[in-house]
Amino acid sequence: MARIRLDHIRHAYSPALARAGTFALREVDHAFEDGGAYALLGPSGCGKTTLLNIISGLLTPSEGKVRFDDRDVTMLTPEARNIAQVFQFPVIYDTMTVRENLAFPLKNRKLPKAEIQTRVAEMLRRIGLGEKADRKARGLTADEKQKISLGRGLVRSDVNAILFDEPLTVIDPHMKWQLRSELKQLHHEFAMTMIYVTHDQTEALTFADKVVVMYDGEVVQIGTPEELFERPRHTFVGYFIGSPGMNVLPCRLEAGEAVIADARIALSGLAPVAAGQKTELGIRPEFVEIVPIGDGIPVSVTKVEDVGSERIVRASLSGHPLSAIVPEGAAIPADAAVRFAPHALNVYADSWLVERA
Ligand SMILES: Nc1ncnc2c1ncn2[C@@H]1O[C@H](COP(=O)(O)OP(=O)(O)OP(=O)(O)O)[C@@H](O)[C@H]1O
């Protein structure tokens with residue numbers, strides 16, 4: 001296994017695109033620590049698959065280096081990099097049995113027969129396909145086939161990392177949860193570096209210790225699920241993580257205060273913001289309190305949605321949409337006001353978080 005370092009990577013899919021400044025990856029400089037469970041999360045087209053293929057060696061980056069520990073592997077193939085991959089659709093041999101499919105990567109590496117048998121038996125148990133071990137893969141369900149793909153990656157002890165590209169796409173919704181939990185369990189047991197691409201925040205947040213959020217060809221934040229929730233470094237992370245996402249309200253900064261409509265909100269320890277930058281205040285709906293008019297910043301409530309044990313209040317603050325999550329049964333007058341929890345306020349300048357002391 002290895003630490004995977006992406007050293008100032010940029011990628012354009014053709015020299016003409018590079019000349020026009022159209023990069024699928026604009027600049028990525030980051031290390032995946034050995035044994036970590038990472039998710040690459042972002043909307044369609046943000047560059048997740050491009051990044052994954054650069055790590056695996058399916059794609060050579062236009063600029064920058066890929067290093068496994070201190071070794072430069074930029075020009076090496078996936079086989080030479082010793083990377084296992086699980087794709088959206090199962091990649092297995094239909095005419096082989098489940099057991100033969102799992103043994104295949106070990107036979108290729110010329111492991112002793114007895115060791116292959118032991119490892120395959122253990123993996124069959126782990127992926128729950130022991131009873132179907134001698135069935136041809138052809139007749140199995142999509143879930144079972146994808147489990148074989150997973151097993152083929154995990155059965156090898158020599159891989160530097162295992163990469164997953166939206167591996168649960170073909171899995172039935174009720175099986176997704178189970179497979180994801182199994183994957184997490186396998187990660188704990190095998191302590192293998194795992195990098196998991198998804199556009200689904202639930203998948204990312206439940207699988208990964210660290211989530212790498214991508215937007216428009218860039219990594220905008222790497223953090224634990226808590227860090228992404230509490231301190232989104234970019235307004236995109238605020239919108240993308242959470243349901244509903246973070247409220248982002250245009251504001252003016254004046255003498256250590258944010259001014260929204262006629263309200264002034266004190267902000268302690270804010271780093272200086274250059275003149276001319278677009279400034280915004282971010283507050284998650286969980287930290288917006290609905291209070292009687294006169295006790296906070298006035299809003300007009302437009303809609304109240306019941307979602308299980310809580311309610312989502314949709315409102316308008318001087319024409320800007322604002323959401324609040326309130327407990328079930330809380331009084332919500334049509335003309336109300338809001339108060340923001342001071343510890344949960346984030347200020348953004350040109351969409352990037354302004355640090356606070
Ligand atoms: N082979 C290619 N040739 C030219 N452009 C490409 C190619 N593959 C991807 N792109 C472009 O590169 C950008 C990043 O694509 P990529 O597939 O990495 O994104 P993604 O985040 O994985 O999206 P998705 O979730 O839809 O797979 C997109 O603008 C895409 O159109």
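**A chat about hairpins, sheets and two domains**

Visitor: Which residue takes a positive phi in the hairpin of β13 and β14?

Guide: That's A261, with phi near 50°. The hairpin has two residues between its strands. Keep in mind that this is a predicted model.

Visitor: How many bridges hold β13 and β14, and in what sense do they pair?

Guide: Four bridges, in the antiparallel sense, with β13 covering residues 257-260 and β14 covering residues 263-266. One of the bridge pairs is I260 with A263 in β14.

Visitor: Where else is there a positive phi in a residue other than glycine?

Guide: Look at N82, where phi is near 60°. N82 sits in the loop between α3 (78-81) and β6 (83-86). For context, most residues other than glycine have a negative phi, and most peptide bonds are trans.

Visitor: OK, and which peptide bond is cis?

Guide: The one from S243 to P244 is cis, with omega near -10°. P244 belongs to the loop between α10 (235-240) and β11.

Visitor: Switching topic: how does the domain assignment split the protein?

Guide: It gives domain 1 as 4-235 and domain 2 as 243-353. Taken over C-alpha atoms, their centres are 38 Å apart.

Visitor: How many residues does each domain bring to the contact?

Guide: Domain 1 puts in five residues and domain 2 puts in nine. On the domain 1 side that touches domain 2, the classes are one nonpolar, two polar and two charged residues.

Visitor: What does UniProt annotate over residues 4-241?

Guide: The unreviewed UniProt entry carries the annotation "domain: ABC transporter" for that stretch. In the model, residues 4-241 are 39% helix and 23% strand. The end C-alpha atoms of the stretch are 26 Å apart.

Visitor: And the ligand, which residues surround it?

Guide: Going along the chain, you get Y13, A24, then G42, then S44, G45, C46, G47, K48, T49 and T50, plus H199.

Visitor: What's the class breakdown of that shell?

Guide: Seven polar, three nonpolar and one charged.

Visitor: Back to strands. What's the order in the five-strand sheet?

Guide: It runs β16-β20-β17-β18-β19, an open sheet with antiparallel pairing. At the edges are β16 (288-291) and β19 (320-327), which each pair on one side only. From one strand to the next, the twist averages 45°.

Visitor: How many bridges are there between β17 and β20?

Guide: Four, again in the antiparallel sense, with β17 spanning residues 297-307 and β20 spanning residues 335-340. If you want a pair to click on, I297 stands opposite V338 in β20.

Visitor: What actually pairs the strands of a sheet?

Guide: Backbone hydrogen bonds, and the strands can be parallel or antiparallel.

Visitor: Then what's the order in the four-strand sheet?

Guide: β11-β15-β21-β22, also open and with antiparallel pairing.

Visitor: Why is one side of β11 and of β22 left without a neighbour in the sheet?

Guide: Because β11 (247-250) and β22 (352-353) stand at the edges, and each has a single partner strand.

Visitor: What about β15 and β21, how many bridges join those?

Guide: Four bridges join them, and the two strands run antiparallel. β15 takes in residues 279-283, while β21 takes in residues 346-349. Across that pairing, G282 stands opposite N346 in β21.

How values were computed
Residues are numbered from 1 along each chain as its sequence is written. This is a predicted model: local features need pLDDT of at least 70, side-chain atom pairs count only at pLDDT 80 or more; totals for chains, interfaces and linings use all residues. Two strands pair if DSSP finds at least two bridges between them. Axes are lines fitted to C-alpha atoms, for helices over the stretch in contact, and angles run from 0 to 180 degrees between N-to-C directions. A residue is near a molecule or strand if its C-beta atom, placed from the backbone, lies within 6 Å of it. Ala, Val, Leu, Ile, Met, Phe, Trp, Tyr, Cys and Pro count as nonpolar, Asp, Glu, Lys and Arg as charged, and the others, Gly among them, as polar. Domain bounds come from an automatic or database domain assignment. Two residues are in contact if their C-beta atoms, placed from the backbone, lie within 7 Å. UniProt positions are given in the numbering used here, feature names are shortened, and annotations may be inferred rather than shown by experiment.
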